[in-house]
Amino acid sequence: GNGASVRVYGVLTFPGDSDYRTALLKQENATVHLDVSGMAQLDVLEGSFVQVIGEVRAVALADYRLVTSTVIARIIRCAHGFDHELFKHALLLRKQFLAEASA
């Protein structure tokens, strides 16, 4: 694909009008739109805390004016037991290390 590769975590939900080609990933105050249409099958249940690996794409909505970022899901796997606070701390340490390394 041509989008930036990302790894995101959150609770998997399906909108009320979902055709199971699209889903939402919710984490704290953020919501990520997912395109799951390319997945052969989803082995995770709605409400599960999951890791999604995929690519970010800009997608025009039905009225062709609004554009939203959508993650085209390649892999969705259960992430129960994942320590989100520890993960955020590790990202902060990595950011600090990279800043010091480039200084």
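## Strands side by side

Let's start with one matched pair: V11 has K26 in β2 as its bridge partner. That match belongs to a wider pairing, since β1 and β2 run antiparallel to each other and share 3 bridges. Keep in mind as you look around that this is a predicted model.

Now move along to the next neighbours. β2 and β3 also pair in the antiparallel sense, this time over 6 bridges. You can pick out some of the facing residues yourself: T22 sits opposite D35 in β3, and L24 sits opposite H33 in β3. The two strands form a hairpin with 2 residues between them, and E28 there has a positive phi near 55 degrees. Remember E28, as we'll meet this residue again below.

## How confident is the prediction?

Across the protein chain, the mean pLDDT is 84, and 87% of the residues reach 70 or more. If you go element by element, β1 comes out with the highest mean at 91, while β5 has the lowest at 86. A handy rule for reading any model like this one: where pLDDT is low, don't read the predicted coordinates in detail.

## The nonpolar core

Which residues touch the most other members of the largest nonpolar core? They are L12, L34, V36, V50, V52 and I76, out of 14 residues in that core. Several strands chip in: β1 (5-13), β2, β4 and β5 each supply at least two residues. The biggest giver is β5, with 3 residues.

Zoom in on L12 to see what such a spot looks like. Leaving aside residues up to four places away in sequence, L12 touches A23, L24, L25, L34, V44, L45, E46, G47, S48 and V50. Notice that L34 and V50 appear here as contacts of L12, and both are also on the list of core residues that touch the most other members.

## A buried glutamine

Q51 is found in strand β4. Is this residue buried or exposed? Q51 counts as buried because its relative accessible area is 6%, under the 20% cut-off.

What does the side chain of Q51 do in there? It makes a polar contact of 2.7 Å with the side chain of Y9. A polar contact of 2.4 Å also joins the side chains of Q51 and R77. Not counting residues up to four places away in sequence, Q51 touches R7, V8, Y9, I75, I76, R77 and A79.

## Charged pairs: E28 and K88

Side chains of opposite charge can pair when their charged atoms come close. How many salt bridges does a search of the whole structure find? The count is 4.

One of them brings back E28, which forms a salt bridge with K88, with the closest N and O atoms 3.2 Å apart. This pair links distant parts of the chain: E28 is in the loop between β2 (22-27) and β3 (30-35), K88 is in helix α1 (residues 84-102), and they are 60 residues apart. The two ends differ in how open they are: E28 is exposed because its relative accessibility is 56%, over the 50% mark, while K88, at 34%, is partly exposed. There's a third player too, as E28, E85 and K88 are linked in a network of salt bridges.

## Charged pairs: E55 and two arginines

E55 takes part in a salt bridge with R57, with N and O 2.8 Å apart. R57 is partly exposed at 26% relative accessibility, whereas E55 is buried at 12%.

E55 also forms a salt bridge with R74, and here the closest N and O atoms are 3.4 Å apart. R74 lies in strand β5 (residues 67-78) and E55 in strand β4 (residues 49-60), so this pair ties together parts that are 19 residues apart in sequence. As for R74, a relative accessibility of 44% makes this residue partly exposed.

Definitions and conventions:
Residues numbered from 1 in each chain as written. Predicted model: local features only at pLDDT ≥ 70, side-chain atom pairs only at ≥ 80, totals over all residues. Heavy atoms only, no water. Salt bridge = Lys/Arg side-chain N within 4 Å of Asp/Glu carboxyl O. Helix = DSSP H or I, 4+ residues; strand = E, 2+ residues; numbered from the N terminus. Buried < 20%, exposed > 50% of the residue type's maximum accessible area, 1.4 Å probe, protein only. Pairing = 2+ DSSP bridges. Polar contact = N/O pair within 3.5 Å; in protein donor to acceptor, adjacent residues only side chain to side chain. Contact = heavy atoms within 4.5 Å. Core = buried A, V, L, I, M, F, W, Y, C linked by side-chain atoms within 4.5 Å. pLDDT = per-residue confidence, 0-100.
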